[in-house]
Amino acid sequence: METSTAATRGLTSAEAADRLAADGPNTVAAPAPRRLPARIGRQLADPLIALLLVAAVVTALLDDLPDTAVILLVVTVNTLIGVVQEVRADRAIAALDQLAAPTARVVRDGADRILPAAQLVPGDLVRLEAGDIVPADLDLVEVQRASFDESALTGESVPVHRRTGEEAGAGTVLTTGRAAGLVVRTGAASSLGRISALVARTKPGLTPLQRRIAGLGRVLGAAAVAVSGVVFALGVLAGEPVARMAITAVSLVVAAVPESLPAVVTLALALGARRMARTRAIPRRLHAVETLGSVTVIASDKTGTLTQNRMSVQQAVTADGARYTVSGSGYSPDGDVRRDGSPLPAPEDLRLLARAGLLCNDAELIPPAGDRSEWTAAGDPMEAALVTLAARCGLDPTPVRTRLPRIAEHPFDQATRQMTTVHRLSDGDFLVVCKGAPESLLDAGSHSMLLDAAAELAADGLRVLAVSAATVATRPDPADPPPLRVLGLVGIGDPLRDTARDTAAAFEAAGVRLILITGDHPATAAAIGAQLGILAPGDRVARGDAGPLTAADIDQARVYARIQPEQKLDIIAELQRRGDVVAMTGDGVNDAPALRRADIGVAMGGGTEVARQAAELVLVDDNLGTVATAIGEGRRIYDNIRRFLRYALSGGIAELLVMLAGPFLGMPLPLLPGQLLWVNLLTHGIPGVAMGAEPAEAGVLRRRPRSPQESVLGDGLLRSVLIGGACVAAVVLAAGVTAHQLDRPWQSVMFVVLGLAQLGVALAVRATPEPGTRRNWSLLGAVALSAVLQIAGVLLTPLQTLLGTEALTVAELFACAAVALVPGVGLRLSRRVQRPAHS
């Protein structure tokens, strides 16, 4: 599209300025952040919070300032936490600017210049050296052994060789060689900009917990207002003052609605986040902690997530057909060679194969030093794998290369798919070494056995190279080498992490379906799926390059290959449409839109910054197994929220029933507004919050995940709440009627029994953890403190004045305590007799 002059001398400064003015800077623009009032409004729209705001307005109009202050404090804290978390989550788009190359080597006015990458325009001639980030989409016009790491954009783990006339995408990295290219697309039009647009358009939805709590809030709010209206009407008809009954009705709304639920949820999530952080999993949003407990599908990237993201030789085949397995971790020389499962010293023919791969090679291994705890490599990862093979076969790379210096080479040629080097021997002869694709080095007639072995290695998901060599007396031309003798084959792959198989098994045991989504070749994806145990013989691999993915593909496949970023979104959206709660893992730029679209995005700590910012959970140790631990933590949190609801709603229903039934039993106003709020403060306050720290139930990771469509009150919880509330109300009314008949202070008796009975339920709903698990002593302490304060309400003169209570004798207090124990004891016994699937 450009002239030959532009291809050699670049643009002039004037031309570049005109194009910059017309096309704009080479930056990925982030969307305007949501304004603070909009963020606050989003938090206040929660049904429970809205109901509390109405209650605060009513209590303020009635000059009930203490209750107004308490309600507004809960609302303020919850809103502040929500806004802070939302601001942090919206940084995903801004991280794309950090990924882009800050500077670029550009030819302007016929001279090389280093300019900010933002100043690049279409038509600029950009030069690249090994290690450079491609600053914009380039049409390559000059290539010398250039290979690009495109994993961040495509998910393809193997560096891709590019030729003149092909494109290099923005955000990729030149790993070897040199290149030059003309800028064809910048900013939002580039590969990086296209993914940025996907992230910007992809909005995260509500978490399962947020959806469930919102639905519950609407139901509770309507029910509480309706019942409070009935109580108000009954009181007025019975001759009670209108103002008192108005305060009573508002107090009853506050008592019936678990307004401390946001605090309980926040504490449970915060404690869960701290526990997860200790296991090297950092939640970026508190609600992400609970979402993990509801996950039904984990869609995992391959490179760097399930695999080590370090190429290594896993199989080697010598010329006689002997096949060897090579083990070891990363680029460390430590490892061994095995045949038929037994470790053995590398035989001579394997050492010759490894030596040849070492010589026809430009990579180097770098030992641990300074802040590096592992061996690393410089150069092409596949060539680094060959150097590592030599070290594991007992060869010291540096002395070998010193004894056999390279004197000539023919760099990798994409047309012949070969690389050739020439080395001087100590006796004056020359060693010629060639490595390349098996089909280019092996003759179908004389090497059929090795070609079959190469096919088997490829079927196992390995990248296969053939290596050949020959010793000659005269110096050869590396571009036209003499006949060579085949030394064998090497199968190079990105091996599974040591914990990957156990992690997949743990997900299966927890009822979570693991699916693999990668940009790699189908054979590689299938091999990894089989090694993980998620792909059985005969199962199909869904291919993104075989046409649009259908609903049937997504319903049946567990392994996806050649998948583009847009297709990851399609897969996640279809799974969510079917009702699944999806966790997406990844580490590259190409994963960012899917991480944001999933119910919970899980990024690898060693991945790109944009992936980490788009995710809700970051795995510092890059270990997917940490997600299994986090799922257990999420389930524990959800169990504790349901535990609190069982406890709090039972008390709220009991209070509603007592206030409704009291007038029909000769008690026009069973409890005063102050008494209701006091009971509510003591029962929903410290004990309710302490419930968020309960340990996990036994077998939390050996049960199926909850259905995403299940109500937060499902699985028998609503029935338990109604029965518990009815039992508490029954003992309170029975105690009140008895005291009324005995001409004792029946209202104070009902006040004490109501508070103590609810505290008894708190003890009854405690978790039943695995033996040896540390108990939640904070809950026992909170219940004890609340019980003392509840009894103090009828014994201390200032509290008697404040609450309108009368003193009870010691015998009456013991009788109240004994009666109050009945609901809690009954609930605990029923749990032992018939424990639900989800406690």
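Buried means under 20% relative accessible area, exposed means over 50%, and partly exposed lies in between. The exercises below apply to a predicted model.

**Exercise 1. Classify Ile686 and describe the surface patch that contains Ile686.**

Step 1. Ile686 has a relative accessible area of 48%. Because partly exposed covers the range between 20% and 50%, Ile686 is partly exposed.

Step 2. In terms of secondary structure, Ile686 belongs to helix 26, which spans residues 686-690.

Step 3. A patch takes residues with over 30% relative accessible area and no salt bridge, and nonpolar side chains are joined within 5 Å. Ile686 forms such a nonpolar patch with Leu785 and Leu789, and together they have about 240 Å² of accessible area.

**Exercise 2. Find the overall composition of the chain: how many helices and strands are there, and what percentage of the residues count as buried?**

Step 1. The chain holds 31 helices and 26 strands.

Step 2. It has 839 residues, of which 55% count as buried.

Step 3. The exposed area of the chain is about 33900 Å², and carbon and sulfur atoms supply 58% of that area.

Step 4. For contacts between residues at least 6 apart in sequence, 71% join residues at least 24 apart.

**Exercise 3. Determine the strand order of the open sheet of eight strands and identify the edge strands.**

Step 1. The order is 8-26-25-24-9-21-23-22, and the pairing is mixed.

Step 2. Strand 8 (281-283) and strand 22 (542-543) are the edge strands, since each pairs on one side only.

Step 3. Strand 22 runs parallel to strand 23 (residues 559-561), and two bridges join them. Within this part of the sheet, Arg543 stands opposite Ala561 in strand 23.

Step 4. As background, strands of a sheet pair through backbone hydrogen bonds, either parallel or antiparallel.

**Exercise 4. Locate Arg562 and Asp743, which have positive phi values, and state how accessible each is.**

Step 1. Phi of Arg562 is near 55°, a positive value in a residue other than glycine. Arg562 is in the loop between strand 23 and helix 21 (565-577). Its relative accessibility is 26%, so Arg562 counts as partly exposed.

Step 2. Phi of Asp743 is near 60°, again positive in a residue other than glycine. Asp743 is in the loop between helix 27 (717-741) and helix 28 (746-764). Its relative accessibility is 68%, so Asp743 counts as exposed.

**Exercise 5. Examine the charged side chain of Arg646: which side chain of opposite charge is nearest, and how far away is it?**

Step 1. Arg646 is found in helix 24 (residues 625-661).

Step 2. Arg646 is buried, and the nearest side chain of opposite charge is Glu697, 7.4 Å away.

Step 3. A salt bridge needs a nitrogen of Lys or Arg within 4 Å of a carboxyl oxygen of Asp or Glu. Arg646 has no salt bridge.

Step 4. Leaving out residues up to four places away in sequence, Arg646 touches Leu717, Ser720, Val721, Val765 and Arg831.

**Exercise 6. Describe the salt bridges of Arg113, Arg185 and Asp362, with the accessibility of each partner.**

Step 1. With the 4 Å cut-off, the count comes to 24 salt bridges.

Step 2. The side chains of Arg113 and Asp109 meet at 3.0 Å, N to O. Arg113 is partly exposed at 34% relative accessible area, and Asp109 is partly exposed at 35%.

Step 3. The side chains of Arg185 and Asp137 also form a salt bridge, at 3.0 Å, N to O. This pair links distant parts of the chain: Arg185 lies in strand 7 (residues 173-185) and Asp137 in strand 4 (residues 137-149), 48 residues apart. Arg185 is partly exposed at 30%, whereas Asp137 counts as buried at 1%.

Step 4. Asp362 and Arg406 form a salt bridge whose closest N and O atoms are 2.8 Å apart. Asp362 is in the loop between helix 13 (348-359) and strand 14 (364-366), Arg406 is in strand 16, and the two are 44 residues apart. Asp362 is partly exposed at 35%, and Arg406 counts as partly exposed at 28%.

Step 5. Asp112, Arg127 and Glu142 are joined into one network by salt bridges that share partners.

Technical notes
Residues are numbered from 1 along each chain as its sequence is written. This is a predicted model: local features need pLDDT of at least 70, side-chain atom pairs count only at pLDDT 80 or more; totals for chains, interfaces and linings use all residues. Side-chain values use heavy atoms; hydrogens and water are left out. Patches are made of residues with over 30% relative accessible area and no salt bridge: like charges are joined within 9 Å, nonpolar side chains (Val, Leu, Ile, Met, Phe, Trp, Tyr) within 5 Å. Accessible areas come from the Shrake-Rupley method with a 1.4 Å probe; for residues, only the protein chains shown count as cover. Helices (H or I, at least four residues) and strands (E, at least two) are DSSP runs, numbered from the N terminus. Buried means under 20% relative accessible area, exposed over 50%, partly exposed in between (1.4 Å probe, protein chains only). Lys and Arg count as positive and Asp and Glu as negative; His and the chain ends are not counted. Contact means heavy atoms within 4.5 Å. Two strands pair if DSSP finds at least two bridges between them.
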